[in-house]
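Work through the exercises below with the sequence and the coordinates open. Each task is followed by a solution in steps.

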Amino acid sequence: MLLNTFLSTTAAALALALPTSAAPTSQVFKRASDLSLNAQLKLADTAIERFALLPNDSDFIFDFNTAETPIATSQNFHPLVGTGISFNMGSLPACSMSFVHLHPRATELLTLTSGHVLTEMIPQTGVTDSEGNARVIKTSLNAGQMTIFPQGSFHTQVNPDCEAANFTAAFNSEEFAVSMVARQMFELSDDVIAASFGQVIAGEDIEKVREAIPVALALEVEGCLSKCGLEKR
């Protein structure tokens, strides 16, 4: 009699403890309606709740062809919430160079799918070459080749040819972010910039230098322009 009572009590406890996929969505979770979908996904207690918040199969497709920006992050592709990854597809036009930049929250894996790209990367202070100078890691990538830019490293890409170079980039953060090194440096106050550069930039010339930094994301490369017969603007 005691054994039967123990077994029935244990079975009942286990039945209560085990999750059931048959439970209606409304019973699985309740979330404040004024929260964004991303906030609801982050607050979900289980994967079951997260999938319930993305009820359509189309929620799991990111279309680079129609996206406002060809960068899939947790902000515009909600299934990425909680995965720690994001993805980018892009193109460097002929004779162009990306600004020197860094990603404050992610390491980047850049893979070239077509064309030819030269890259330069400075890992961090203290990484030196055989002569004790700051090491600049340079690569020459062709289609099917990949390089890595560790989190926080300064890097840039140059397309030295007359054809566009297409690439994909994977990041180990849902929101990898971009910091434009030169442009953001000159957002600091004049006295800070002058102190940082010493006598290299005179205080009265700081505004000229600040205004000389282009707003566009690509810089034209004069040698390539001449080779490809493109007019400099």
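The exercises concern a predicted model and go from the whole chain to single residues.

**Exercise 1. Overall make-up**

Task: State how many helices and strands the protein has, and what percentage of its residues count as buried.

Solution:
- Step 1. The secondary structure comprises 8 helices and 12 strands.
- Step 2. The protein has 233 residues, and 27% of them count as buried.
- Step 3. The exposed surface comes to about 14800 Å², with 58% of it supplied by carbon and sulfur atoms.
- Step 4. For contacts between residues at least 6 apart in sequence, 72% join residues at least 24 apart.

**Exercise 2. The open sheet**

Task: Give the strand order of the open sheet of 5 strands and find which strands stand at its edges.

Solution:
- Step 1. The order is S1-S2-S10-S5-S8, and the pairing is antiparallel.
- Step 2. S1 (71-72) and S8 each have a single partner strand, so they stand at the edges and one side of each lacks a neighbour in the sheet.
- Step 3. Inside this order, S2 and S10 are joined by 7 bridges in the antiparallel sense.
- Step 4. One position to inspect is Phe87, which stands opposite Ala170 in S10.

**Exercise 3. The partners of S6**

Task: Determine how many bridges join S6 to S7 and how many join S6 to S9.

Solution:
- Step 1. S6 (residues 116-122) pairs with S7 over 6 bridges, in the antiparallel sense.
- Step 2. Met121 has Ile137 in S7 as its bridge partner.
- Step 3. S6 and S9 (residues 154-159) also run antiparallel, joined by 5 bridges.
- Step 4. Ile122 stands opposite Phe154 in S9.

**Exercise 4. The largest nonpolar core**

Task: Identify which residues of the largest nonpolar core touch the most other members and which strand supplies the largest share.

Solution:
- Step 1. The core has 13 residues; Leu110, Leu112, Val117 and Phe171 touch the most other members.
- Step 2. S5 (108-114), S6 and S10 each contribute at least two residues to this core.
- Step 3. S10 gives the largest share, 4 residues.
- Step 4. Leaving aside residues up to four places away in sequence, Leu110 touches ten listed positions, among them Thr119, Leu141, Met146, Phe149 and Phe167.

**Exercise 5. A loop residue and its contacts**

Task: Locate Ala143, decide whether Ala143 is buried, partly exposed or exposed, and list what Ala143 touches.

Solution:
- Step 1. Ala143 sits in the loop that links S7 (137-142) and S8 (146-149).
- Step 2. Its relative accessibility is 47%, so Ala143 counts as partly exposed, the limit for exposed being over 50%.
- Step 3. Beyond four places in sequence, Ala143 touches Leu112, Thr113, Ser114 and Gly115.
- Step 4. Ala143 and Leu112 are 31 residues apart along the chain, and their C-alpha atoms are separated by 4.9 Å.

**Exercise 6. Two positive phi values**

Task: For Cys95 and Ala177, give the phi value, the loop and the burial class.

Solution:
- Step 1. Most residues other than glycine have a negative phi.
- Step 2. Cys95 has a positive phi of about 60°, and Ala177 has a positive phi near 65°.
- Step 3. Cys95 lies in the loop between S2 (86-92) and S3 (96-98), whereas Ala177 lies in the loop between S10 (165-171) and S11 (179-180).
- Step 4. Cys95 is buried because its relative accessible area is 1%; Ala177, at 26%, counts as partly exposed.

Methods: Residues are numbered from 1 along each chain as its sequence is written. This is a predicted model: local features need pLDDT of at least 70, side-chain atom pairs count only at pLDDT 80 or more; totals for chains, interfaces and linings use all residues. Side-chain values use heavy atoms; hydrogens and water are left out. Buried means under 20% relative accessible area, exposed over 50%, partly exposed in between (1.4 Å probe, protein chains only). Contact means heavy atoms within 4.5 Å. Two strands pair if DSSP finds at least two bridges between them. Accessible areas come from the Shrake-Rupley method with a 1.4 Å probe; for residues, only the protein chains shown count as cover. A nonpolar core is a set of buried Ala, Val, Leu, Ile, Met, Phe, Trp, Tyr and Cys residues joined through side-chain atoms within 4.5 Å.
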